[in-house]
Amino acid sequence: MAARNPIYVALDVPSPDVALKLAQTLGPAVAGFKVGKELFVSAGPELVRQIRGAGASVFLDLKFHDIPNTVAKAVAAATRLDVQLLTIHTCGGLEMMKAAEASAQETARSTGRPAPVVLGVTVLTSMSTVDLNQVGVAGDVARQVERLVGLGVQAGLRGFVCSPLELAMLRQVVPDSTQLVTPGIRGPGDAAGDQKRTLSAPEAMEAGATWLVIGRPICASPDPRAAAERILASLSPA
Ligand code: C5P
């Protein structure tokens, strides 16, 4: 039996035309596409509709962080767009996270579609312990990640985004059904770029990832479809 395809391709491109072309080329070889701030601000919800219209799943990575009412409304709008995964910042607090999850569930019920998984983002990987201390958070990054994930679980979140090196630790503290989504995936021959803490795709799956977000190793390859297929093949049992 073929293994489940866990690959979400990060469409980190500025133009909707390039994004759509990549989505068409890669669609059958991956689980779905991550649309982030750059692409969403330039191409808007219509691009999400087009990707969904072509049958692919969408991870809307806009990292909502605002008062609970505003985040709930943004999550409702994303649910109406029929995305499968979306992100919020866990440091928005317990009430904000509860409002986001409730909004996803209620909107899904009223529109008759499955609720998207609301993923909590913890400490951005661009932040060090020193950066955290500067904004008034005592303790180190690992402790803050664990604290925020605990709060997210309490709020009813069913998934989190984490670095590959946090997977094993988080698997010990989250319920078994929790979805863990990880970027920072690099194979032995890939350029790391600005990613400092990486695992390969099979290593990340072994460590407990549910979904892998992969950008440049696929999109910057001369043959993106072949690159995606190679990564998928590396996950199949020999
Ligand atoms: O090109 P690359 O594979 O590094 O792309 C990874 C994707 O995951 C990018 O869209 C990046 O913004 C995102 N991401 C990340 N690290 C995080 C959170 C998101 O690399 N901590």
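**Exercise 1. Packing of α1 and α2**

Determine at what angle the axes of helix α1 and helix α2 cross in this predicted model, and which residues make the contact.

*Solution.* Step 1: locate the elements. Helix α1 covers residues 16-26 and helix α2 covers residues 37-53. Step 2: describe the geometry. The two axes cross at roughly 35° and come within 10 Å; the crossing of α1 past α2 is right-handed. Step 3: list the contacts. From α1 the contact takes P16, A19, L20 and A23, and from α2 it takes L39, A43, L47, Q50 and I51. Step 4: sort these residues by class. The contact of α1 with α2 has eight nonpolar residues, one polar residue and no charged residues.

**Exercise 2. Packing of α4 and α6**

Establish how α4 is oriented relative to α6, and how the residues of their contact divide by class.

*Solution.* Step 1: take the angle and the distance. Helix α4 (residues 94-111) packs against helix α6 (residues 141-155) at about 45°, the axes being 9 Å apart. Step 2: classify the angle. Since angles from 35 to 65 degrees fall in the oblique class, α4 is oblique to α6. Step 3: give the handedness, which is right-handed for α4 passing α6. Step 4: identify the partners. L94, M97, K98 and E101 of α4 meet L151, G152, Q154 and A155 of α6. The residues of this contact comprise four nonpolar, two polar and two charged.

Step 5: examine one residue of the contact. Q154 belongs to helix α6 and is exposed, with a relative accessible area of 54%. Its C-alpha is 8.7 Å from that of K98, although 56 residues separate Q154 and K98 in sequence.

**Exercise 3. Cysteines**

State how many disulfides a search of the whole structure finds, and explain why C91 forms no such bond.

*Solution.* Step 1: the search returns zero disulfides. Step 2: consider C91. The closest cysteine sulfur to that of C91 is in C162, at 16 Å, which is too far for a bond; the cut-off for a disulfide is 2.5 Å. Step 3: consider accessibility. C91 is partly exposed at a relative accessible area of 46%, and C219 is also partly exposed, at 23%.

**Exercise 4. Surroundings of T178 and P217**

Decide whether T178 and P217 are buried or exposed, and name the residues that each one touches beyond its sequence neighbours.

*Solution.* Step 1: T178 sits in the loop between α7 (167-173) and β7 (179-182). Its relative accessibility is 4%, so T178 counts as buried. Step 2: with neighbours within four places in sequence set aside, T178 contacts R158, G159, F160, R171 and T210.

Step 3: P217 is part of helix α9 (residues 216-219). A relative accessible area of 13% makes P217 buried. Step 4: not counting residues up to four places away in sequence, P217 touches I185, R186, D190 and A227. P217 and Q195 are 22 residues apart in sequence, with a C-alpha to C-alpha distance of 12 Å.

**Exercise 5. Positive phi**

Find where K63 and D82, each with a positive phi, lie in the structure.

*Solution.* Step 1: recall the background. Most residues other than glycine have a negative phi. Step 2: K63 has a positive phi of about 45°. K63 lies in strand β3 (residues 57-64) and is partly exposed, with a relative accessible area of 23%. Step 3: D82 has a positive phi of about 70°. D82 occupies the loop between α3 (68-80) and β4 (85-89), and at 18% relative accessibility D82 counts as buried.

Terms used:
Residues are numbered from 1 along each chain as its sequence is written. This is a predicted model: local features need pLDDT of at least 70, side-chain atom pairs count only at pLDDT 80 or more; totals for chains, interfaces and linings use all residues. Side-chain values use heavy atoms; hydrogens and water are left out. Buried means under 20% relative accessible area, exposed over 50%, partly exposed in between (1.4 Å probe, protein chains only). Axes are lines fitted to C-alpha atoms, for helices over the stretch in contact, and angles run from 0 to 180 degrees between N-to-C directions. Helices (H or I, at least four residues) and strands (E, at least two) are DSSP runs, numbered from the N terminus. Angles under 35 degrees count as roughly parallel, over 145 as roughly antiparallel, 65 to 115 as roughly perpendicular and the rest as oblique. A crossing is left-handed if the near helix is turned anticlockwise from the far one by less than a right angle, and right-handed if clockwise. Contact means heavy atoms within 4.5 Å. Ala, Val, Leu, Ile, Met, Phe, Trp, Tyr, Cys and Pro count as nonpolar, Asp, Glu, Lys and Arg as charged, and the others, Gly among them, as polar.
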